[in-house]
Amino acid sequence: MKVLFTNTALVLLGLGALLSSCSKPQQSQKTGLKYNDRTNGGYVRYRQTHPSPGPGLIPIEGGTFVLGGSADQDVSFEYNNVRRRVTVPSFYMDETEVSNQDWLDYLHWIAITFPDDREYYYNAIPDTLVWRKPLSYNEPYVDNYLRHPAFQDYPVVGVTWDQIQDYCTWRTDRTNENILRQGGQLVTWKDASKAGAPAVQNTTPFNTDIYLNGQITGAGIDGKRMPRDLSPARAGATAANGKGGLRRPVRLEDGVLKSGYRLPSEAEWEYAALALAGNTQFENINDGKIYPWNGLGVRSPNKSTRGLILANFKRGGGDNAGVGGGLNDKADITAPVRSFPPNDFGLYNMAGNVNEWVADTYRQTSFEDVDDFNPFRGNEYTNKRLADASKGLYAKDKYGRPIKDAATTNKKLKYSEMIAQQQGQGAAATQGTAPASPIAGKPFKADMRGYGDTVNSVLYGNTSLVSDHSKVYKGGSWNDMAYWLNPATRRFMNQDDASAEVGFRCAMTMVGAPEINPGGKQYFPVKKPKNYKGR
């Protein structure tokens, strides 16, 4: 009886506290100003959210692991994966490799959006000639592999690292555009396609950075469900498509748009492939891994599938698929992207099928040089060019994307310095010369890909195959032996080269708390501010 009374009292107290908090407006903890009140200037506190992953992605909870630790021997004697304990933050990663159908979607968009720009379309087409070998009859794959519906769920190959950068930008923009059109913040797909409405294909394509800078708005663009603008009237706010006050475009603070798609870093890829979370309890890893699955072999130990090959790889010289009537991996070249069991993170084909590009620039000593938190080698710092520095408008290329220039400093410029720099860049672009840095005596190298190298970088590409254009790929392919299925192995290829054995998958940065599944775990609660309820 006493317990029942106590529980009931707690419920009533909690309900009273909830009603009390709802009746009081949220206010600044430092100034006392009310948030979300149009009468005091419209200071806004946005609802705190933990965004879901973008389409195709699944969450990967980060943590510490030994980079290069799954490789028990260095068969190639490269000494390029020296063990190093590092921490990888939580992130999102594609459940599967990007397929031919995914890439055809990209090509279709280019064709309908820029029907007269043959260069853009041509540059986006994968190199199907990668299938050609002087002493192998692979011509049918040259003609059919990318476009024939029989191969639509197979991983796209023949794509360069450079092509993937453009694909990631396109995928980010199409995902965010679709979110805004479905949510009504932009004109919906249906309304945009109606007769008389501005044709989507005939306007400048949506770009996330340009939109967030307030450069995609106006009649025929703004949707009927744009967020309310609580601040005083200003440029960019509109009441044309909304009732009850001014409306504005979505901001990053609204938490509606997704972060950009990108290639995973090498550390992220290796961490996700190992998926040691499946062997972990209370921070104790009870069993290591050589492959993305448990065990020392490449065959399934389970009763129902015992003996089946767990990945698509080359079992031995001249044995790509096994014996007719009993094919071991059911694939002679690549296999559909959801073939074989996923690893403990739910990722398919993190070993075999195709090697996968990662974001890192290759150096033999990277594992020894990189930071132990979020290790990565390949930072190339850029800034968006301003078309009008006084108004903060970004310069756009002919495809509606912001033009980016190499960064000239590693810290925020003064406003006068920023204006001078932008004016200098504009003049230099007109005259065809490189802009001068406005910060005299403080040289800054925008390209950090070779950071800490002790040799003359001029020799790269001349006395060595390694250069700043050398990018890492990992994972093993349908034409590789089992050794390369180990997540710690690493190889490299020039960023403008392609192969029939190399594909990719995308990743996305996770913002907010790193824990994926906090349910049932001990934790110290994070106390919310008084009167907290979000917007």
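This note sets out numbered points on the cavities, one pocket, a sheet, a helix and some backbone angles of a predicted model.

1. The enclosed spaces come first. A search of the whole structure finds five cavities of 30 Å³ or more, and the largest cavity holds about 90 Å³ of space. Its lining is made up of 13 residues, among which W109, Y120, D173, R174 and R401 are the closest to the centre of the cavity. Helix α5, which spans residues 161–183, supplies the largest share of this lining, with five residues. Sorted by class, the lining of the largest cavity comprises six nonpolar, three polar and four charged residues.

2. The second largest cavity has a volume of about 60 Å³. The residues that line this cavity are L67, E266, A267, D360, S366, F367, V370, P375, F376 and R377. Two elements, α8 (266–274) and α9 (366–369), are the ones that give two or more residues to this lining. By class, six of the lining residues are nonpolar, one is polar and three are charged. One of the lining residues, D360, falls within strand β10, which covers residues 355–361, and the strand is taken up again under the sheet below.

3. Helix α8 deserves a point of its own. Nine of its nine residues are buried, and the helix is therefore largely enclosed by the rest of the structure. The buried residues are E266, A267, E268, W269, E270, Y271, A272, A273 and L274, so that a reader going through the helix will find charged names in this list as well as aromatic ones, E266, E268 and E270 among the former and W269 and Y271 among the latter. E266 and A267 also appear in the lining of the second largest cavity, while Y271 is one of the residues nearest the centre of the second largest pocket. Just after α8, the backbone of A275 takes a positive phi of about 50°.

4. The second largest pocket has a volume of about 1,200 Å³. It is lined by 39 residues, and those that lie nearest its centre are E61, G62, Y271, A277 and T280. The elements that give two or more residues to this lining are β2, β3, α8 and β6 (280–281), and β2 makes the largest contribution, with four residues. The lining divides into 17 nonpolar, 13 polar and nine charged residues. Helix α8 thus belongs to the contributors both here and in the second largest cavity.

5. Four strands form an open sheet in the order β16-β15-β10-β17, and the pairing within it is mixed. The edges are occupied by β16 (491–494) and β17, each of which has a single partner strand, so one side of each is left without a neighbour in the sheet.

6. Within that sheet, strand β10 is mostly covered, since seven of its seven residues (355–361) are buried. Towards β17 (residues 502–503), β10 pairs in the parallel sense over two bridges, and E356 has G503 as its bridge partner in that strand. Towards β15 (residues 470–474), β10 runs antiparallel and is joined by three bridges; there, W357 has Y473 as its bridge partner, and T361 has K471 as its partner.

7. Two further residues call for a check of the backbone. Most residues other than glycine have a negative phi. Against this background, N36 has a positive phi of about 60° although it is not a glycine, and Y79, likewise not a glycine, has a positive phi of about 50°. N36 lies in the loop between α1 (2–23) and β1 (57–60), whereas Y79 lies in the loop between β2 (63–67) and β3 (84–88). As to their surroundings, N36 counts as partly exposed because its relative accessibility is 25%, while Y79 is exposed, with a relative accessible area of 53%. The strands on either side of the Y79 loop, β2 and β3, are both among the elements that contribute to the lining of the second largest pocket.

Note on methods:
Residues numbered from 1 in each chain as written. Predicted model: local features only at pLDDT ≥ 70, side-chain atom pairs only at ≥ 80, totals over all residues. Heavy atoms only, no water. 1 Å grid on protein atoms, 1.4 Å probe; cavity = no way out; pocket = protein on both sides within 12 Å on 5 of 7 lines; lining within 4 Å. Points joined across faces, edges and corners; volume = space filled by probe spheres on them. Nonpolar A, V, L, I, M, F, W, Y, C, P; charged D, E, K, R; others polar. Buried < 20%, exposed > 50% of the residue type's maximum accessible area, 1.4 Å probe, protein only. Pairing = 2+ DSSP bridges.
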